[in-house]
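This report asks how one helix packs against its surroundings, where charged side chains meet, and what lines the main pocket. Please keep the sequence and the model in view while reading.

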Amino acid sequence: MFILWPEYFDSNLTRADGRRVPKALSLSSPTAEEIYSIARKLGLSPVLENEKSYPAKWMNRNGRVKVPKKYSKTETM
């Protein structure tokens, strides 16, 4: 399974801080619940884990979403 952290989609972060998508496609402070909802609508069979924290920001428990490896991670994001 791939792990999708909210930090990957956060327009407030730089690429060096963890954002992985282009700024034009990112959101301001996305939540794991929002990512889960979108992944579910796309039919990716996501799993929401609320109590997890992004390793570089371990003090913030923003959660994460796990999705099956149906496509490459880049295509999934």
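Leaving aside residues up to four places away in sequence, Ala-32 touches Pro-6, Leu-48, Asn-62, Gly-63, Arg-64 and Val-65 in this predicted model. Ala-32 belongs to helix H1, and its relative accessible area of 0% means that Ala-32 counts as buried. One of these contacts, Arg-64, stands 32 residues away from Ala-32 in sequence, yet the two C-alpha atoms are 5.4 Å apart in space.

Ala-32 is one of the buried residues of H1, a group that consists of Ala-32, Ile-35 and Ala-39. These three lie on the same side of H1, because the arc that they cover around the axis is only 65°. The cover over the buried residues of H1 includes strands S1 (2-4), S2 and S3. Just after the helix, Gly-43 adopts a positive phi of about 75°.

Strands S2 and S3 also carry the salt bridges, of which the count comes to two. In one of them, the side chains of Glu-49 and Arg-64 meet at 2.4 Å, N to O. That pair links distant parts of the chain, since Glu-49 sits in strand S2 (residues 47-49) and Arg-64 in strand S3 (residues 64-67), 15 residues apart. In the other, the side chains of Lys-66 and Glu-49 meet at 4.0 Å, N to O. Because Lys-66 lies in strand S3 and Glu-49 in strand S2, this pair ties together parts that are 17 residues apart in sequence. Glu-49, Arg-64 and Lys-66 are thus linked in a network of salt bridges.

How accessible are the two basic partners, Arg-64 and Lys-66? Arg-64 has a relative accessible area of 14% and therefore counts as buried, the cut-off for that class being under 20%. Lys-66, at 22% relative accessibility, counts as partly exposed.

The table places these values beside those of other residues discussed in this report.

| Residue | Relative accessible area | Class |
|---|---|---|
| Ala-32 | 0% | buried |
| Arg-64 | 14% | buried |
| Lys-66 | 22% | partly exposed |
| Leu-42 | 59% | exposed |
| Trp-58 | 61% | exposed |

The two exposed entries, Leu-42 and Trp-58, deserve a closer look. Leu-42 is found in the loop between H1 and S2, and because its relative accessibility is 59%, Leu-42 counts as exposed. The C-alpha atom of Leu-42 is separated by 9.9 Å from that of Thr-76, a residue 34 places away along the chain. Trp-58 is found in the loop between S2 and S3, and with a relative accessible area of 61%, Trp-58 is exposed. Between the C-alpha atoms of Trp-58 and Trp-5, which are 53 residues apart along the chain, the separation is 12 Å.

Which residues lie nearest the centre of the largest pocket? They are Phe-9, Ile-35, Ile-38, Thr-76 and Met-77, out of a lining of 13 residues. The space in this pocket amounts to about 280 Å³. Helix H1, which spans residues 32-41, gives the most to the lining, with three residues. By residue type, the lining divides into 11 nonpolar, two polar and no charged residues. Ile-35 therefore appears in two settings, being one of the buried residues of H1 and one of those nearest the centre of the largest pocket.

How values were computed. Residues are numbered from 1 along each chain as its sequence is written. This is a predicted model: local features need pLDDT of at least 70, side-chain atom pairs count only at pLDDT 80 or more; totals for chains, interfaces and linings use all residues. Side-chain values use heavy atoms; hydrogens and water are left out. On a 1 Å grid over the protein atoms alone, a cavity is a set of points where a 1.4 Å probe fits but cannot get out, and a pocket is an open set with protein on both sides within 12 Å along at least five of seven lines; lining residues have an atom within 4 Å of a point. Grid points are joined across faces, edges and corners, and a volume is the space filled by probe spheres set on the points. Helices (H or I, at least four residues) and strands (E, at least two) are DSSP runs, numbered from the N terminus. Ala, Val, Leu, Ile, Met, Phe, Trp, Tyr, Cys and Pro count as nonpolar, Asp, Glu, Lys and Arg as charged, and the others, Gly among them, as polar. Buried means under 20% relative accessible area, exposed over 50%, partly exposed in between (1.4 Å probe, protein chains only). The arc is that of the directions from the helix axis to the C-beta atoms. Contact means heavy atoms within 4.5 Å.
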